[in-house]
Every structure is written in C-alpha cells, then in structure tokens.
Amino acid sequence: MCSGATLYQCQQLRLGLHVNAACFLCGVGTEDHDHLFFRCPASRRCLALVQQWLGRPVGEDWNWIFLKQMRDGPMLVRLILYAAFSGLIHHVWDMRNVCRIHHYVKSPVCIVRDLKFELKVRIESFNCNWKTSDREWLCSINLI
C-alpha cells in the first residue's frame, strides 16, 4: 500500500487521509528519495548545473562518477565536491519544502547561485595560504 510513498504519505494513508504522491517539484513522478535525489527533472537540472560549474561530467550514472571524484584527487577538490554535493541535497530538500508549503518552485539556476554564494563565504572564512594550483582551481570556479 505504501510502495513508492514517503513515510509522511504512508502515515497519512494509515490515518485514512487522501494522499497525493506526486512530486511537488515536477508533478509527474512519485515523490520518494530516489525521485527527489536526482531523478526529478528540477533536481537533476540542479545537479547538472553544479557538475558543469565544477567541471565534472554529467551523465546517467552520476552517483558513481561524481561520488568517486569525492574519494580521489587533491584534498581541496574533494572537500569542495563534498560541500557542494551535501549543500545541493540540502537546497533540493528546501526547494521541495518551499514548493509544498508556499506553492512556489525556485529555479535550478537560483538554487545553484545560492549554493555558490554559500561555498564562497565558507572558503573565504578559511583564510588559508593556498597552494598555487589550489588557488588557480578556486579562481577557475569563482570561489575566490
């Protein structure tokens, strides 16, 4: 009975309440974690913009490609990728909640713009003496 539904939707069903299982962002897919992160066209577009911004490949198998890069490579790159990915998950969840409560969908471009700003503020707060290669990479993605 609750297949594909969120825990909240399952609880509503048990109470006999009408449940709309459609994704709040796209209105097409069934809202569950697999859909929201990152099968929904809105969240998938956000992921594609982040991958494009960071110079990482966009593909169907995003989880293996992107997550593998968070495991390999220079420490600074891994930290930025991790911060960007975890921040994106937070922003997508927030986008879903804003849509559910206020019936307003923030554009993927705005989501990524906000994420970039947050990462830039974090990076600037480190006050580090960056290696030349790290500084060049951070400049190339507009974080310093």
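**Exercise 1.** How many disulfides does the structure hold? Then examine Cys40 and Cys139.

*Solution.* The model is a predicted one.
Step 1: the number of disulfides is 0.
Step 2: take Cys40, whose nearest cysteine sulfur belongs to Cys23 and lies 3.8 Å away. A disulfide requires two cysteine sulfur atoms within 2.5 Å, and Cys40 is in no disulfide.
Step 3: look at accessibility. Cys40 has a relative accessible area of 0%, so this residue is buried. Cys139, at 38% relative accessibility, counts as partly exposed.

**Exercise 2.** Describe how helices α5 and α7 are arranged, and which residues of each make the contact.

*Solution.*
Step 1: α5 covers residues 75-102 and α7 covers residues 132-140. Their axes come within 10 Å and cross at roughly 30°.
Step 2: angles under 35 degrees count as roughly parallel, and therefore α5 and α7 are roughly parallel to each other.
Step 3: α5 contributes Leu76, Val77 and Ile80 to the contact, while α7 contributes Asp134, Trp137 and Leu138.
Step 4: sorted by class, the contact of α5 with α7 has 5 nonpolar residues, 1 charged residue and no polar ones.

**Exercise 3.** Is Ile141 buried or exposed, and what is Ile141 in contact with beyond its sequence neighbours?

*Solution.*
Step 1: locate Ile141, which is in the segment after α7.
Step 2: the relative accessibility of Ile141 is 3%. Buried means under 20%, so Ile141 counts as buried.
Step 3: setting aside neighbours within four places in sequence, Ile141 is in contact with Trp53, Leu54 and Ile80. Ile80 also belongs to the α5 side of the contact with α7.
Step 4: Lys120 is 21 residues from Ile141 along the chain, and their C-alpha atoms are separated by 9.9 Å.

Conventions. Residues are numbered from 1 along each chain as its sequence is written. This is a predicted model: local features need pLDDT of at least 70, side-chain atom pairs count only at pLDDT 80 or more; totals for chains, interfaces and linings use all residues. Side-chain values use heavy atoms; hydrogens and water are left out. Buried means under 20% relative accessible area, exposed over 50%, partly exposed in between (1.4 Å probe, protein chains only). Axes are lines fitted to C-alpha atoms, for helices over the stretch in contact, and angles run from 0 to 180 degrees between N-to-C directions. Helices (H or I, at least four residues) and strands (E, at least two) are DSSP runs, numbered from the N terminus. Angles under 35 degrees count as roughly parallel, over 145 as roughly antiparallel, 65 to 115 as roughly perpendicular and the rest as oblique. Contact means heavy atoms within 4.5 Å. Ala, Val, Leu, Ile, Met, Phe, Trp, Tyr, Cys and Pro count as nonpolar, Asp, Glu, Lys and Arg as charged, and the others, Gly among them, as polar.
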